[in-house]
Structures are given as C-alpha cells and as structure tokens.
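Please follow this explanation with the sequence and the structure side by side, moving from one buried side chain out to the strands and then to the aromatic residues.

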Amino acid sequence: MLLRLAGPLQSWGERSTFDTRDTAGFPTRSGLLGMIACALGRRRGESLEDLAPLVFTIRIDRPGIRLIDYHTAGGGLPSGVKIPTADGKGRPEGKGTVQTWREYLADAVFTVAIEGPDTLLDEIRRALIRPRWQPFLGRRSCPPDQPLLLDVTVDDPVAELHQSLPLARQVTDDDTEVSVEFVRATGDPEHIRSEIYDIPTTFTPVDRTYRPRPVWIEKTMLPADLGVRRLRDYPARLAAYVRERQ
C-alpha cells in the first residue's frame, strides 16, 4: 500500500508535553497508526495489537519548513472557569494565562510504503477510501491533501518509492540524480538515528505511553526523472501514475 502525506501543515509529535508541542521531521509510527485507527473507527484506548505487523518506509519528498504557532489560553477568565492547577484551585490572579508553542511542518510531502498481511492491508484500504472519522496529519487541525491513499496495485511498494512513484520535488534539466532521504525501521547501523519514542502502548485520552525504537535515515540517489521541472506539473504526473496502475 502507498500513502501520500501532504497538506498546508503537518505535526508529528515526538516529545510533545505540556506547553511546548514539537514535531519530528517525518511521520512517526504512532502518528501513522493513529491516522489508520481513526479511519478504521477505533476509539482511543482500544487495542492496536492487530496493527503491530505493519512496516512503514517513508520517503521524504519535501521536508517542509518548520514554523511555530504561539498560543495563549485562559487570560481574563473569571475565577469560576479559570484553568485548574494540580490542586484543583486554579491559577492565581494575574497568572491565569497559559502560553503554548506548537511546531508544524509547512508544505511538507512524504510518501509512505506500508507492508503487512494482505487481509489487514485490505481492511485498511477500505477504511481509507471510506474513513469512519476524518484522518489528519498528526493533529486534527492538519487535514491531508488528496489523494491520501494511492489506490494502486503494486507488488513491492518500497521498490515503487525508489523506481516509479513521482517525486514531489523540482529538478533541473542538468540533474541526472537527486538525493532523497528514506526513513526505515531497519538498516545499516552507521545510519542509525537516536531512539524515538513512537511505539504506542496505550492510546488513551490521557496518560498515553510509548516505547522507544531506533530508526534509520538513509540518503539515497534516485533518478532525476522521478521529479518534475515545475512543481505545478506534479499533480498531473501523480494522476497519470495512478491511472497506469489501477
């Protein structure tokens, strides 16, 4: 199965806690599983054990631009509805405003190869075509551009990322190859990244917990003809790719 994750904004929390909400530079495993669970109609707290066999390989077509959205909340509220503190009494007068910093990736594009049992992939495919709830790119405020699911028949989705699937990146007439980063679940130890806590053990509304895993980020040279001379040509290239394989 192949997914295309694109939109004005994406945010894939890696160490998000309290006031500062960061984003990883690529879709996390917990974020991808959450998006799939959302399409399947899974409620928070339901088991995700049947999704454990899924393997994700991510191609970073465009890393996007990081931006920070600054928020304040609670300022000027009356004492009866002010933001509560741990003791339940609420923040003291004059200190009722909470500041938050939320990080996003703007104009990023990722393509994802998903491997797993055929029956599970068929169930996910049906859910993504007719999702129970709206999928989002890490946060509910980040709806995906379409197409999200590249509904094509391929034998080896990882090979498609290397050889055939159009690349959402501009190239020049002089380019013969283009350097593209891939994020993999396994790989050469020389390319290992520091551990990322993105394997969900509980997806409850509060007290969510995650286990760590290593990820491998590798730069790979791809044929330049996977890219486009003008970015506005990319949608037509992608549509032609999908038509040819349906």
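This is a predicted model, and a useful place to begin is Arg59, which is found in strand S4, the run of residues 55-62. Is Arg59 buried or exposed? With a relative accessible area of 0%, Arg59 falls under the 20% limit and therefore counts as buried. Its side chain has polar partners in the backbone: the oxygen of Leu161 lies 2.7 Å from a polar atom of the Arg59 side chain, and the backbone oxygen of Leu165 lies 3.1 Å from a polar atom of that side chain. Once neighbours within four places in sequence are left aside, Arg59 is in contact with residues from several stretches of the chain, among them Val109, Phe110 and Thr111, then Pro166 and Leu167, then Val180, Glu181 and Phe182, and also Leu222 and Leu226.

The next element to find is strand S6, residues 98-106, to which strand S2, residues 9-10, is joined in the antiparallel sense by 2 bridges, with Leu9 standing opposite Ala106. Strand S3, residues 20-21, is likewise joined to S6 by 2 bridges, but these two strands run parallel, and Thr20 has Trp101 as its bridge partner. Strand S5, residues 65-73, pairs with S6 over 9 bridges, in the antiparallel sense, and within this pairing Ile68 has Glu103 as its partner in S6.

Strands S5 and S6 also carry the two rings of an aromatic pair, and the count for the model comes to 1 such pair. Tyr70 and Trp101 form this pair, with 5.6 Å from centre to centre and 50° between the planes, an arrangement that is tilted. The pair links distant parts of the chain, since Tyr70 is in strand S5 and Trp101 in strand S6, 31 residues apart. Tyr70 counts as partly exposed because its relative accessibility is 44%, which lies between the limits of 20% and 50%, and Trp101, at 34%, is partly exposed by that rule too. A further ring to inspect is that of Tyr104, over which the charged end of Arg139 sits, 5.0 Å from the ring centre.

Finally, turn to helix H2, residues 118-129, where Glu123 is found. Glu123 counts as partly exposed, because its relative accessibility is 32%. Which residues does Glu123 touch, not counting those up to four places away in sequence? They are Leu40 and Arg42; Leu40 is 83 residues from Glu123 in sequence, while the C-alpha atoms of the two residues are 8.2 Å apart in space.

Definitions and conventions
Residues are numbered from 1 along each chain as its sequence is written. This is a predicted model: local features need pLDDT of at least 70, side-chain atom pairs count only at pLDDT 80 or more; totals for chains, interfaces and linings use all residues. Side-chain values use heavy atoms; hydrogens and water are left out. Helices (H or I, at least four residues) and strands (E, at least two) are DSSP runs, numbered from the N terminus. Buried means under 20% relative accessible area, exposed over 50%, partly exposed in between (1.4 Å probe, protein chains only). A polar contact is a pair of N or O atoms within 3.5 Å; within protein, one must be able to donate a hydrogen and the other to accept it, and residues adjacent in sequence count only if both atoms are side-chain atoms. Contact means heavy atoms within 4.5 Å. Two strands pair if DSSP finds at least two bridges between them. Rings of Phe, Tyr and Trp (its six-membered ring) pair if their centres lie within 6.5 Å; planes under 30 degrees apart count as stacked, over 60 as edge-to-face and the rest as tilted. A charge sits over a ring if NZ of Lys or CZ of Arg is within 6 Å of the ring centre and within 35 degrees of the ring normal.
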